[in-house]
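Student: I'm new to this structure and would like a close look at one part of it: the nonpolar interior. Could you walk me through that, and then show me how the rest fits around it?

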Amino acid sequence: MIGVISDTHGLLRPEALAAMRGVEHILHAGDVGDIAILEKLREIAPVTAIRGNVDVLGPCADLPATDVVELGGKLFYLVHSVEDLDISPAVAGVAMVVSGHSHKASVVVRGDVVFFNPGSAGPRRFSLPVTVGFVTVEDGVEASVMELKTE
């Protein structure tokens with residue numbers, strides 16, 4: 001199982017950390033906010049992370065704007081805002097596009113490509129729930145969202 005997290009904005013909630021325990025890899029879709037978050041996540045599993053629009057200073061600014069990783073024989077493309085998608089995922093053979101930015105969790109399938117936003121695991125924004133995501137890879141890729149019980 002793959003853990004997916006985004007928009008931590010400098011806050012790694014204990015509930016998010018607990019939810020990630022046991023995953024084989026973690027994808028962070030940007031707006032990390034503090035490089036120590038990635039270090040804590042790496043204690044659980046390998047991490048692939050990109051920068052988001054708040055990651056403009058310090059070590060987080062050195063993260064790539066996009067990245068691609070192969071997990072379970074499937075390609076995952078990370079981009080913080082899906083509006084900044086700069087490839088044709090289907091043509092590139094990407095199984096899943098992982099994004100963040102909106103703070104709203106969603107799973108949308110377009111053709112053979114899954115577009116997955118795990119929502120925001122950091123400070124609560126608006127009235128949106130605090131969430132993380134998970135992906136299983138078998139014949140295809142399947143995404144699910146978990147709402148974290150906070151406060």
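Tutor: Here is a walk through the interior first, followed by a few spots in the loops and on the surface.

Keep in mind that this is a predicted model. To get your bearings, there are three helices and ten strands in the protein. Going along the sequence, the order is β-α-β-α-β-β-β-α-β-β-β-β-β. The radius of gyration is 14 Å, close to the 15 Å that the globule rule gives for 151 residues, so the protein is as compact as a globular protein of that length. If you draw a box around the C-alpha atoms along the principal axes, you get roughly 40 × 30 × 30 Å.

Now for the inside. Of the 151 residues, 48% are buried. In soluble globular proteins, nonpolar side chains tend to be buried together. Here, the largest nonpolar core has 23 residues, and the ones that touch the most other members are Ile5, Ile26, Leu41 and Val132. Which elements give two or more residues to this core? They are α1 (14-20), α2 (35-42), β3 (47-49) and β9 (131-137). The biggest giver is α1, with four residues.

Let's stop at Ile5 and see what surrounds it. Setting aside residues up to four places away in sequence, Ile5 touches Leu12, Ala16, Ile26, Leu27, His28, Ala29, Leu41, Pro118, Ala121 and Val132. Find Ile26, Leu41 and Val132 in that list: along with Ile5, they are the ones that touch the most other members of the core. Apart from this core lies another, made of 16 residues, including Val4, Ala29, Ala95 and Val141.

Next, go to Met96, which sits in strand β6 (residues 94-98). Is Met96 buried or exposed? Its relative accessible area is 0%, so Met96 is buried. Look past the neighbours within four places in sequence, and you'll find Met96 in contact with Leu75, Phe76, Tyr77, Val114, Phe116, Val135, Val141 and Ala143. One of these, Val141, belongs to the 16-residue core. For a sense of distance, pick Lys149: it is 53 residues from Met96 in sequence, and their C-alpha atoms are 27 Å apart. Contacts like those of Met96 bring up a question about the whole protein: among contacts between residues at least 6 apart in sequence, what share joins residues at least 24 apart? The share is 43%.

Now the loops. Gly52 lies in the one between β3 and β4 (66-71). With 10% relative accessibility, Gly52 falls under the 20% limit, so it counts as buried. Beyond its neighbours within four places in sequence, Gly52 is in contact with Gly30, Asp31 and His80. Compare that with Ile26, one of the well-connected core residues: Gly52 and Ile26 are 26 residues apart along the chain, with 16 Å between their C-alpha atoms.

Asp31, a contact of Gly52, deserves a look too. You'll find Asp31 in the loop between β2 (25-28) and α2. At 2% relative accessibility, Asp31 counts as buried. Asp31 also has a positive phi of about 55°, although it is not a glycine. His9 is another non-glycine with a positive phi, of about 50°. The place of His9 is the loop between β1 (2-5) and α1.

Finally, step out to the surface. The protein exposes about 7,200 Å², and 52% of that comes from carbon and sulfur atoms. Some nonpolar residues are out here as well: Val107, Val109 and Val145 make a nonpolar surface patch of about 230 Å². Val109 belongs to strand β7 (residues 106-110), and its 56% relative accessibility makes it exposed.

There's charge pairing to see, too. Side chains of opposite charge can pair when their charged atoms come close. How many salt bridges does a search of the whole structure find? It finds one. That bridge joins the side chains of Glu43 and Lys40, at 3.9 Å from N to O. Glu43 is exposed, at 61% relative accessibility, while Lys40 is partly exposed, with a relative accessible area of 39%.

Definitions and conventions
Residues numbered from 1 in each chain as written. Predicted model: local features only at pLDDT ≥ 70, side-chain atom pairs only at ≥ 80, totals over all residues. Heavy atoms only, no water. Patch = residues over 30% accessible without salt bridge, like charges linked within 9 Å, V, L, I, M, F, W, Y side chains within 5 Å. Areas by Shrake-Rupley, 256 points an atom, 1.4 Å probe, with all protein chains shown as cover. Salt bridge = Lys/Arg side-chain N within 4 Å of Asp/Glu carboxyl O. Buried < 20%, exposed > 50% of the residue type's maximum accessible area, 1.4 Å probe, protein only. Rg over C-alpha atoms; globule rule 2.2 N^0.38 Å. Contact = heavy atoms within 4.5 Å. Core = buried A, V, L, I, M, F, W, Y, C linked by side-chain atoms within 4.5 Å.
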